[in-house]
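Right, my turn. I have one chain to go through, so please bring up the sequence and the model.

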Amino acid sequence: MNYKNEDFEGNAKINPSNNNGKFTFGKRMYEFNIKFDVANNNVARIYNDYQLQVSRIKNCHNLFHNVEQLDFKKLDFSNRFRRYSTDDLAIVVNKMGKYALLVFKKIESESHGADSDIIEFKWKII
């Protein structure tokens with residue numbers, strides 16, 4: 001499994017038990033170092049480590065393709081981490097103030113019966 005991709009949009013499948021849960025996408029001022037964790041089957045966490053801010057819009061994964069409908073001023077970035085299901089939209093802001101969106105396609109937890117910890121997701125930098 002690869003834990004880095006410099007593309008501005010893509011898909012990834014990682015085991016967050018490896019590489020300290022860290023996956024990096026983008027480059028330079030558009031780089032995002034994301035720390036993931038599996039809470040249980042169908043629930044993942046993103047931490048605000050690496051100078052990130054994280055927010056969630058519950059049950060709105062469809063906004064990934066409708067960015068113009070997002071109101072960034074109403075987002076709450078106050079927690080250290082956010083929990084996400086495959087129905088949620090993750091919004092991440094890096095230390096340069098750049099935004100990325102993530103949606104989860106698959107979340108599996110070894111400690112909850114899966115063969116291993118697996119997170120499949122897609123991202124795009126906006």
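Start with the contacts: counting those in the chain with a separation of 6 or more, 56% are between residues 24 or more positions apart. This is a predicted model, so keep that in mind throughout.

On secondary structure, there are 10 strands and 0 helices. The order along the sequence is therefore simply β-β-β-β-β-β-β-β-β-β. The radius of gyration is 13 Å, close to the 14 Å from the globule rule for 126 residues, so the chain is as compact as a globular protein of that length. Along the principal axes, the C-alpha atoms fill a box of roughly 40 × 30 × 25 Å.

Now the interior. Of the 126 residues, 46% are buried. The largest nonpolar core has 24 residues, and the members touching the most others are F23, F25, F36, I46, L102, F104 and F121. Two or more core residues come from each of β2 (9-14), β3 (22-25), β4 (32-40), β5 (43-47), β8 (89-93), β9 (99-108) and β10 (118-125). Another core, of 11 residues, lies apart from that one, and includes L63, F64, L70 and F77.

Take I46 as an example. What is I46 in contact with, leaving aside its neighbours within four places in sequence? The list is I34, K35, F36, V54, R80, F81, R82, Y84, A90, L102 and F104.

Last, the outside and the charges. The accessible surface is about 6700 Å², with 40% of that belonging to carbon and sulfur atoms. There are 20 positive and 16 negative side chains, and the centres of the two sets are 5 Å apart.

Methods
Residues are numbered from 1 along each chain as its sequence is written. This is a predicted model: local features need pLDDT of at least 70, side-chain atom pairs count only at pLDDT 80 or more; totals for chains, interfaces and linings use all residues. Side-chain values use heavy atoms; hydrogens and water are left out. Helices (H or I, at least four residues) and strands (E, at least two) are DSSP runs, numbered from the N terminus. The radius of gyration is taken over C-alpha atoms; the globule rule is 2.2 Å times the number of residues to the power 0.38. Buried means under 20% relative accessible area, exposed over 50%, partly exposed in between (1.4 Å probe, protein chains only). Contact means heavy atoms within 4.5 Å. Accessible areas come from the Shrake-Rupley method with a 1.4 Å probe; for residues, only the protein chains shown count as cover. Lys and Arg count as positive and Asp and Glu as negative; His and the chain ends are not counted. The place of a charge is taken as NZ of Lys, CZ of Arg, CG of Asp or CD of Glu. A nonpolar core is a set of buried Ala, Val, Leu, Ile, Met, Phe, Trp, Tyr and Cys residues joined through side-chain atoms within 4.5 Å.
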